[in-house]
Amino acid sequence: MTDPIADYLTRLRNAIKASHRIVEIPASNIKKEITKVLFDKGYIQNYKFDEEGPQGTIKIALKYNPNTKENAIISLSRVSKPGLRKYVDKESLPRVINGLGIAVLSTSKGIMTDKEARTEGIGGEVLCYVY
């Protein structure tokens, strides 16, 4: 697999389109950190890390509106790809839908959102946009 983060986002996107409640994804440290960010920002309902097997899995419970059955995540898009990395400095941090969405960044202080990176005053690699 050349791009595990794109695979992670695609599995989430497919589970949302199929209206699944839970999705299982092969684990890695960066995927675990992205999952924690999505949980902290309220895009997923819950998550669990299973350490079974050599790699382990991440079980993610997706969040739906009980009245309209609409998911909390409208769009997931990969920004920085293996063939073309996208780095930003602290002055040019992206704003997703005027601050309504989040951009997930990989910085020297770990995986964080664009808002957290703005308060820390650091830039990094833009992994994906979520709204």
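**Exercise 1.** Which side chain of opposite charge is nearest to Lys31, and how far away is it?

*Solution.* Before starting, note that this is a predicted model, in which local features need pLDDT of at least 70 and side-chain atom pairs count only at pLDDT 80 or more, while totals for chains, interfaces and linings use all residues. Residues are numbered from 1 along each chain as its sequence is written, and side-chain values use heavy atoms, with hydrogens and water left out.

Step 1: place the residue, which lies in helix H2, residues 29-40; helices (H or I, at least four residues) and strands (E, at least two) are DSSP runs, numbered from the N terminus.

Step 2: look for a partner, counting Lys and Arg as positive and Asp and Glu as negative, with His and the chain ends not counted. The nearest side chain of opposite charge is Asp7, 4.5 Å away, and Lys31 is buried yet has no salt bridge. Buried means under 20% relative accessible area, exposed over 50%, and partly exposed in between (1.4 Å probe, protein chains only), whereas a salt bridge is a side-chain nitrogen of Lys or Arg within 4 Å of a carboxyl oxygen of Asp or Glu.

Step 3: list the surroundings, leaving out residues up to four places away in sequence; Lys31 touches Pro4, Tyr8, Ile25, Pro26 and Ile58, where contact means heavy atoms within 4.5 Å.

**Exercise 2.** Describe the salt bridges of Lys36 and Asp114, and state how each pair is spaced along its helix.

*Solution.* Step 1: Lys36 forms a salt bridge with Glu33, with the closest N and O atoms 3.5 Å apart. Because these two residues are three apart in helix H2, about one helical turn separates them. Lys36 is partly exposed at 31% relative accessibility, and Glu33 is partly exposed at 32%.

Step 2: Asp114 pairs with Arg118, the closest N and O atoms being 4.0 Å apart. They are four residues apart in helix H3 (residues 114-120), and therefore separated by about one helical turn. Asp114 is buried, at 1% relative accessibility, whereas Arg118 is partly exposed, at 32%.

**Exercise 3.** Describe how strands S2 and S3 pair, and find the residue with positive phi in their hairpin.

*Solution.* Step 1: S2 (residues 44-50) and S3 (residues 57-62) run antiparallel and are joined by six bridges; two strands pair if DSSP finds at least two bridges between them.

Step 2: within this pairing, Asn46 stands opposite Ala61 of S3. The hairpin has six residues between the strands, and Gly53 takes a positive phi near 80 degrees there.

Step 3: Lys59 and Asp50 meet through their side chains in a salt bridge of 3.5 Å, N to O. Asp50 is buried, with a relative accessible area of 10%, while Lys59 is partly exposed, at 30%.

**Exercise 4.** What sign does phi have in Ser19 and in Lys69?

*Solution.* Step 1: recall that most residues other than glycine have a negative phi.

Step 2: Ser19, in the loop between helix H1 (4-17) and strand S1 (22-26), has a positive phi near 60 degrees. Lys69 also has a positive phi, of about 60 degrees, and its place is in the loop between S3 and strand S4 (76-78); at 54% relative accessibility, Lys69 is exposed.
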